[in-house]
Amino acid sequence: MKARQIRDRVEWVGAVDWNRRLFDALIPLPDGTSYNAYLVRGSERTVLIDTVDPAMENVLAGHLADVDRVDYVVSNHTEQDHSGSIPFVLNKYKNAVVLCTKKARELLTDHLDIQPDRIRTVEDGETVSLGDKTLQFVHTPWVHWPETMVTYLPEDRILFSCDFLGSHLATPELYAGNDPLVMEAAKRYYAEIMMPFRPSVRKNLAKVRELTFDIVAPSHGPIYDHPENILSAYADWSSDRVSNEVVMAYVSMHGSTEAMANHLLAALVERGVKVHKFELTTTDLGKLAMALVDAATVVVGTPILNGGAHPVALAAAHLVGVLHPKLKYGAVIGSYGWSTKGIEQIADAVAGLKLETLGTVLCKGRPRQETFVALENLADVIRDKHASL
Ligand code: FEO
């Protein structure tokens, strides 16, 4: 895809990665992603805002083939999908200097061996003139690394937000418009990458809202030409509001835990509680993460295997703990053969969330009437707790 004009002398010079299916060796990318870089040519100086994943450096090289000068490279974020092609750019433009936060200077040196004399740090609020255009840097730490910042171009009313507010979505469309698919991709992205840093998201959202912009140009996914869509979505996702929803994540070896999950699901639905059910050996973990953005309660279903919770259920519980959603309540259900030893591993995995435990329903062998009664009672408790949300 060729470079694409956004404003007068402001171009998208990124790469669309249609085929990538995994990020950080963890996060599924069902719709690919993009690495957005932007070229801004002022009357006196030219700046490249972020670069692309080194695997697609050749695409960036193509965009820059006829560009004679780059004076600055802004590194809003040091993760290599944005910074990884900076060495190429610095090699091509011998006088170019990287602009980044102090923390980013350390990380750029650590990860990419960029020499300190090619880096100039910028303070929060500092401006750099390109002649008739100006860059203003706004430090936004912990969305989602400690060094993250955004760059504001006041003359064109554009906020270059890097990872913040982005979406993993490969598309030929430059702009998001009001496409609900973009918002779904953005929610998945938020859940997987930003949700663990919810307090920082809220703080930095308020900070960028002080700026006046018509466009948010992130480093992944389409450009937001109706920025209020993504800003209000982030305000909601990062708020303390939880919904009358349960995330049920379970694995079953011979059908007993699954029968329990199905019974609890039906009981919750009868009581007006929305349930997102995930069978963990086949589920898309991104969808599980998305469901966690709004849910009030998580129920983990696990059999006991070799003296502990099933490793697949335990891994999912650990992921829930790491994603740090705003859940309030938790419960465990499952079947065992001769010992319940190890069931507490699930609670330990989410201990950092400080959930109120609403119950543990276990059955020896296949579930019978008393198990179903216990599950109905658990559904009552969840309904009652959710009534006071
Ligand atoms: Fe898109 Fe944190 O890298």
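1. Contact between the two domains is a good place to start: 13 residues of domain 1 touch 14 residues of domain 2, where contact means heavy atoms within 4.5 Å. The domain assignment of the protein places domain 1 at 4–237 and domain 2 at 245–381; such bounds come from an automatic or database domain assignment. The C-alpha centres of domain 1 and domain 2 are 38 Å apart.

2. A word on the basis of the numbers. This is a predicted model, in which local features need pLDDT of at least 70, side-chain atom pairs count only at pLDDT 80 or more, and totals for chains, interfaces and linings use all residues. Residues are numbered from 1 along each chain as its sequence is written, and side-chain values use heavy atoms, with hydrogens and water left out.

3. Between them, domain 1 and domain 2 bury about 1,200 Å², with 64% of it on carbon and sulfur atoms. Buried area here is the accessible area (1.4 Å probe) that two parts lose on being put together, summed over both. On the domain 1 side, Lys187, Arg188 and Met195 lose the most area to domain 2, together 42% of what that side buries.

4. For the polar part, two salt bridges are counted between domain 1 and domain 2 (a side-chain nitrogen of Lys or Arg within 4 Å of a carboxyl oxygen of Asp or Glu). Arg188 and Asp284 meet through their side chains in a salt bridge, at 2.7 Å from N to O. Four residue pairs, both members at pLDDT 80 or more, are in polar contact across the interface of domain 1 and domain 2. A polar contact is a pair of N or O atoms within 3.5 Å; within protein, one must be able to donate a hydrogen and the other to accept it, and residues adjacent in sequence count only if both atoms are side-chain atoms.

5. Which elements give two or more residues to the side of domain 1 that touches domain 2? They are helix 5 (180–194) and helix 7 (227–237), helices (H or I, at least four residues) and strands (E, at least two) being DSSP runs numbered from the N terminus. Helix 5 supplies the largest share of that side, six residues.

6. Asp284 also caps the N-terminal end of helix 9, with a side-chain oxygen 2.7 Å from the backbone nitrogen of Gly286. Six of the eight residues of helix 9 (residues 285–292) are buried, so this helix is largely enclosed by the rest of the structure. Buried means under 20% relative accessible area, exposed over 50%, and partly exposed in between (1.4 Å probe, protein chains only). The buried residues of helix 9 pack against several elements, including helix 5, strand 18 (274–279) and helix 10 (311–323).

7. Asp294 sits in the loop between helix 9 and strand 19. Is Asp294 buried or exposed? Its relative accessibility is 9%, so Asp294 counts as buried. Its side chain makes a polar contact with that of Lys187 at 2.6 Å. Leaving out residues up to four places away in sequence, Asp294 touches Lys187, Trp237, Arg241, Val242, Ser243 and Glu245.

8. Lastly, Asp124 lies in the loop between strand 11 (119–121) and strand 12 (127–129) and is partly exposed, at 41% relative accessible area. The Asp124 side chain reaches the backbone nitrogen of His139 at 2.8 Å, and it makes a polar contact with the side chain of Lys207, also listed at 2.8 Å.
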